[in-house]
Amino acid sequence: MKAEHSPSLLHNSGYAPRANIVWRGIGRGPIADDAERIEVARGRGAWLHLCLSIGQADGRYHRDWNTATALLTLVEPDHRLGEKAATRCLVERIEAHTRRLDWPPCLLVGDLPRNRERRVTLDHAPAAFVALAKSTGSLWLRDRPPLLAPLHAPKLVEPSVNFRGVRWDQLLWFPDGIPNTLLELATAQLPPGRQRRPNPIG
Amino acid sequence: MAKSLAPKKAVGKSSQPAPETIELPPARRDLIARLGLIGLGALEPVVLASLATQCPLLLIGPHGSGKSVLLERIAVALGLRWRHYNAALVNFDDLVGYPLPDASGQLRFVETPASVWGAQAVFIDEISRARLDVQNRLFPIVHERRVQGIPLPDLKHRWAAMNPPSGDDEDSSAYLGSQPLDIALSDRFALQASMPDWRTFSESQQEAVIRAQEVTPDSAAGALWAAAIALTEELLPMVQAQWGASIARYVRILAALLAEAGFQLSARRAGMLAGNLAAIHAARLSADAEAGIDDSAWIAALNSMPFAAAGQVFDTSRLLACHREAWRQAAAKADDPMGRILAERDPIARVRLALAATGLPDGELTTIVTDALSGAADGARHALAEWLFESGAIARLSVLAADAVAEVYRDVACVQEVSEQVAPNGLRHRIWRTVQQRLGAEPATPMAERQGNLLASLFSSNRLSAEEDVDRVLRCYVQTQERLKTVAA
């Protein structure tokens with residue numbers, strides 16, 4: 001066992017206490033709750049976690065998501081298109097939604113397990129599809145033609161008390177703050193009474 | 001159809017009959033194999049170039065790699081009057097003979113069978129084990145074909161051999177007696193070839209090496225060598241006329257790239273390299289009319305560097321990278337935008353030119369950007385990645401290159417959280433305090449936030465190795481940002 005792991009036990013050994021270095025970025029302190037996180041994300045660079053969860057009890061749930069027909073039901077539940085037409089329709093829907101979103105031309109893709117503290121989460125099917133279909137590696141490109149492959153493989157959520165189903169996730173970094181339209185959606189998903197907080201950074 | 005390779009002139013005076021005219025086989029001649037030596041075929045154009053141009057040749061290799069036997073068999077096959085001196089043992093009297101006064105009272109040297117007078121070829125073995133005073137006496141023989149200031153008119157070929165000089169690494173400890181050559185002496189050997197390692201040979205070649213005593217030189221080897229030398233001599237002026245300008249451009253660019261990598265070529269060495277390239281290409285053409293000049297350039301570069309003999313650690317893969325880049329640049333026409341881009345040495349300026357150029361293939365742009373990112377210093381490459389990302393130029397890159405840019409951009413754009421315990425007043429603590437001082441002096445502007453992100457990221461990944469690195473990185477970042485702003489304008 002290394003001595004530095006238990007300095008309190010070795011107070012007679014002359015072991016100098018370690019110095020703590022903690023840094024969260026200029027002017028950024030710890031964040032108390034989701035509402036504050038959304039306010040911070042309004043004016044400063046922030047991670048946006050776009051997700052879509054479909055539980056097994058949901059009427060839109062499919063066992064196999066490897067078809068455009070199944071995916072299209074998530075944004076257009078009543079469609080009756082065949083696979084080829086559904087593919088075309090899904091791509092058009094993604095492109096149309098991209099045009100509506102005022103996102104920058106390029107965004108960074110993040111690592112989900114990290115950046116847990118500061119991200120704003122938005123559960124929204126069209127935005128999640130846009131985020132996933134135009135990403136490759138570390139980069140999201142607005143003008144890149146959509147690829148449906150990332151949509152075909154949602155993550156199977158382990159059975160738990162609250163949720164059993166599948167989930168799509170993507171984490172994007174908005175360097176100049178998350179667009180207001182998305183923040184309003186994210187705020188709307190907060191529990192009632194927690195939807196407005198003063199901006200802590202002014 | 002096989003070419004007639006009748007020698008145009010005799011290859012030096014010989015005590016043996018002149019080699020006959022001979023028809024060479026159309027494909028490989030395997031001149032070295034015909035001397036009964038296995039696995040050394042790669043040296044053929046180098047040795048042939050040395051013989052045709054009479055440039056000094058130095059062979060470097062471990063004991064038993066065939067240096068001495070190769071030169072000895074060539075000399076014998078060509079019927080040369082030659083001398084073999086062991087530089088570690090030779091005395092000056094061995095070289096010049098004994099001085100005796102003649103009838104007029106002048107001193108003249110009495111020739112002995114071992115003296116250098118009248119030799120057509122001199123082979124100085126173990127040159128790296130010679131005492132310094134002996135090296136100094138051998139120097140004029142190699143350099144100007146003189147001894148004691150007296151010309152050696154018959155001397156054509158000057159060859160030497162040595163073990164790899166001892167260095168700091170453990171592998172070279174076996175040759176502790178082999179000292180690096182003085183760079184001035186090393187620089188006189190135009191061609192410096194490393195002997196192939198027999199462990200890299202095929203199994204059959206290795207077994208043939210083991211059984212080498214059973215292999216005797218081909219009786220026609222001398223005639224073949226003489227014919228090949230004569231044809232190389234004949235082709236050399238044509239190669240020089242056709243390729244001279246391109247070779248000079250290639251050598252100039254290669255020398256600049258090597259200098260960037262920390263290896264300086266003297267002007268004389270650059271000239272030697274150009275001469276070697278032409279001679280090696282002529283030697284290769286003498287066997288194969290389809291031989292490519294680019295391969296000749298690589299062979300010449302590989303066998304013209306003076307660093308190994310001088311004991312400098314020289315990475316062949318680095319040389320190969322420089323060669324490829326130099327060849328690519330030399331091949332570009334002067335009025336070609338790609339030529340201008342490739343001729344630009346500063347990586348940031350090169351990216352600027354590449355992005356401004358119209359019609360540049362995206363693949364070329366990707367290569368230029370990737371090179372710039374890997375070559376630029378921390379701070380500078382972050383500013384470049386930031387600019388590529390935020391200007392949208394990243395969309396023109398390949399997926400892999402764009403990903404690399406995004407990874408660098410992440411360091412400046414995203415908040416990098418740091419949580420670490422460090423030794424009080426240790427190096428990392430001092431570096432962090434320097435980071436804090438720099439950042440504490442700035443108001444919380446977007447620019448200051450990016451600088452904070454950058455420093456925190458570099459600190460986390462241990463890329464700040466000293467306190468002064470903090471200012472250096474910030475300086476590079478800010479200066480490069482300023483330079484790139486002028487592009488945007």
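This report describes chain A, its interface with chain B, and selected helices and salt bridges of chain B in a predicted model.

**Chain A**

The secondary structure of chain A consists of five helices and eight strands. Read from the N terminus, these elements follow the order β-α-β-α-α-β-β-α-β-β-β-β-α. Of the 202 residues in chain A, 45% are buried. When contacts in chain A between residues at least 6 apart in sequence are considered, 73% of them join residues at least 24 apart. Chain A also holds a network of salt bridges that links Lys155(A), Arg167(A) and Asp169(A).

**The interface between chain A and chain B**

The size of an interface is often given as the accessible area lost when the parts come together. For chain A and chain B, the buried area is about 2700 Å², and carbon and sulfur atoms give 63% of it. Three residues, Ile21(A), Trp23(A) and Ile26(A), supply 30% of the area that chain A buries against chain B, more than any other three residues. In terms of contacts, 27 residues of chain A meet 33 residues of chain B.

Which polar interactions cross this interface? The rule finds seven residue pairs in polar contact between the two chains, both residues being at pLDDT 80 or more. The count of salt bridges between chain A and chain B, by contrast, is zero.

On the side of chain A that touches chain B, the elements that give two or more residues are strand S1 (19-23), strand S3 (106-109) and strand S6 (139-141) of chain A. S1(A) gives the most, with five residues. The residues on this side of chain A divide into 16 nonpolar, six polar and five charged.

**Salt bridges of chain B**

Side chains of opposite charge can pair when their charged atoms come close. Over all chains, the structure holds 25 salt bridges. Three that lie in chain B are listed below with their N to O distances.

| Basic residue | Acidic residue | N to O distance |
|---|---|---|
| Arg381(B) | Asp378(B) | 2.9 Å |
| Arg450(B) | Glu386(B) | 2.8 Å |
| Arg438(B) | Asp471(B) | 2.4 Å |

The salt bridge of Arg450(B) and Glu386(B), at 2.8 Å, links distant parts of the chain: Arg450(B) lies in helix H17 and Glu386(B) in helix H14 (residues 380-391), 64 residues apart. Arg450(B) has a relative accessible area of 14% and is therefore buried. Glu386(B) is likewise buried, because its relative accessible area is 7%.

The salt bridge of Arg438(B) and Asp471(B), at 2.4 Å, also links distant parts of the chain, with Arg438(B) in helix H16 (residues 427-440) and Asp471(B) in helix H18 (residues 467-488), 33 residues apart. Arg438(B) counts as partly exposed because its relative accessible area is 28%. Asp471(B) has a relative accessibility of 29%, so this residue also counts as partly exposed. In the remaining pair of the table, both Arg381(B) and Asp378(B) are buried.

**Helix H17 of chain B**

Arg450(B) belongs to a helix that is mostly covered: 12 of the 15 residues of H17(B) are buried. Among the buried residues are Ala448(B), Glu449(B), Gln451(B), Asn453(B), Leu454(B), Leu455(B), Leu458(B) and Phe459(B), in addition to Arg450(B) itself.

How does the end-to-end distance of H17(B) agree with the span expected for its 15 residues? At 1.5 Å a residue, helix H17 (residues 446-460) should span 21 Å, and its end C-alpha atoms are 21 Å apart, so the two values agree. Just after H17(B), Asn462(B) takes a positive phi of about 60°.

**His323 of chain B**

His323(B) lies in helix H10 (residues 316-331) of chain B. Is this residue buried or exposed? Its relative accessible area is 6%, and His323(B) is therefore buried. Leaving aside residues up to four places away in sequence, His323(B) touches Tyr250(B), Leu254(B), Asp294(B), Ala297(B) and Trp298(B). With one of these, Tyr250(B), the side chain of His323(B) forms a polar contact of 2.7 Å.

How values were computed
Residues are numbered from 1 along each chain as its sequence is written. Chains are lettered from A and ligands numbered from 1 in the order in which they are written. This is a predicted model: local features need pLDDT of at least 70, side-chain atom pairs count only at pLDDT 80 or more; totals for chains, interfaces and linings use all residues. Side-chain values use heavy atoms; hydrogens and water are left out. Helices (H or I, at least four residues) and strands (E, at least two) are DSSP runs, numbered from the N terminus. The expected span of a helix is 1.5 Å times one less than its number of residues. Buried means under 20% relative accessible area, exposed over 50%, partly exposed in between (1.4 Å probe, protein chains only). Contact means heavy atoms within 4.5 Å. Buried area is the accessible area (1.4 Å probe) that two parts lose on being put together, summed over both. A salt bridge is a side-chain nitrogen of Lys or Arg within 4 Å of a carboxyl oxygen of Asp or Glu. A polar contact is a pair of N or O atoms within 3.5 Å; within protein, one must be able to donate a hydrogen and the other to accept it, and residues adjacent in sequence count only if both atoms are side-chain atoms. Ala, Val, Leu, Ile, Met, Phe, Trp, Tyr, Cys and Pro count as nonpolar, Asp, Glu, Lys and Arg as charged, and the others, Gly among them, as polar.
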